[in-house]
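Colleague: Before I use this model, I would like to go through a few side chains with you.

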Amino acid sequence: MPMTSAALPRHIALVMDGNGRWAKARGQARHKGHRAGYENLRQIVGHSARRGIQVLTVFAFSSENWNRPKGEVNLLLQLLTEALRREAPQLRDNNVRLRLIGERSAFPERLVRQMAEAEAITAPSTGLLLQVAANYGGRWDLLQACRALAVQVQAGELQPEQIDEACLGQQLSFADQPDPDLFIRTGGEQRMSNFLLWQSAYAELYFSPLLWPEFGPEALDQALADYAGRQRRFGKTGEQVQETDPC
Ligand code: IPE
Ligand code: IPE
Ligand code: MG
């Protein structure tokens, strides 16, 4: 049965977990796993675009990943810098727009510059929006939004009682995009690890036992098929949802 567009997620959030275990299982250094993970992301971006996904937000480096051994952190940042430099022109040619989300100020200047350049190169693209979360944490996102609102209150531009969900939501990292419909985590763990806490309030959760470098296009199709079979109720009853849903 062909997948109807109503059953296709507009926005997928993706926790790319399992690189280290993938490398270890092959007797290789963890870094090799991160490289394999990067190669896999290229495939998944292409496949998401082919499937008509509008937004793909991937977790590349969490605000807690600084706690890893220094050598691994440095190699991850190097890989990110290299990937942005190499991929930006290709993403543009494939009509993919790139956006980085997260606190950039903690990164080396070279990486910060590369992020801005890659965003500028792909800015004209009108197809898939690829959001890469780097030094991102859901709690950080909420905190920076609260601070932004506090500044407005202090300036007398906003009354505390005017703060509602929409108002807070507007200060979050990608207020211009819909919330994730489907939240995928690879690698077998069933937790969110501080990714998109607010935005995923009503995302459908999908956990795959596959390690990230093994999660190819077929695995994504399986996740999409699983999503298509879900009933999203948003607090309503199943009967209410069926009445309004023509499918
Ligand atoms: C995810 O893979 C990538 C990052 C967190 C950067 P891991 O490195 O967490 O892999 P495992 O979970 O140790 O296998
Ligand atoms: C989540 O994976 C972060 C990324 C995939 C970038 P982790 O491997 O850091 O998560 P925990 O520590 O197992 O929760
Ligand atoms: Mg992990």
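The questions below deal with burial, contacts and salt bridges.

Modeller: This is a predicted model, in which local features need pLDDT of at least 70, side-chain atom pairs count only at pLDDT 80 or more, and totals for chains, interfaces and linings use all residues. Side-chain values use heavy atoms, with hydrogens and water left out.

Colleague: Is Gln131 buried or exposed?

Modeller: Gln131 sits in strand β4 (residues 129–136), strands being DSSP runs of E of at least two residues, numbered from the N terminus. Buried means under 20% relative accessible area, exposed over 50%, and partly exposed in between (1.4 Å probe, protein chains only). Because its relative accessible area is 0%, Gln131 is buried.

Colleague: Which side chain does Gln131 join in a polar contact of 2.9 Å?

Modeller: A polar contact is a pair of N or O atoms within 3.5 Å; within protein, one must be able to donate a hydrogen and the other to accept it, and residues adjacent in sequence count only if both atoms are side-chain atoms. At 2.9 Å, the partner of the Gln131 side chain is Thr57.

Colleague: Which residue meets Arg30 in a salt bridge, and is that residue buried or exposed?

Modeller: A salt bridge needs a side-chain nitrogen of Lys or Arg within 4 Å of a carboxyl oxygen of Asp or Glu. Arg30 meets Glu72 at 2.8 Å, N to O. The pair links helix α2 (residues 30–51) with helix α3 (residues 70–93), 42 residues apart, helices being DSSP runs of H or I of at least four residues. With a relative accessible area of 11%, the partner Glu72 is buried.

Note on methods: Residues numbered from 1 in each chain as written. Chains lettered and ligands numbered in written order.
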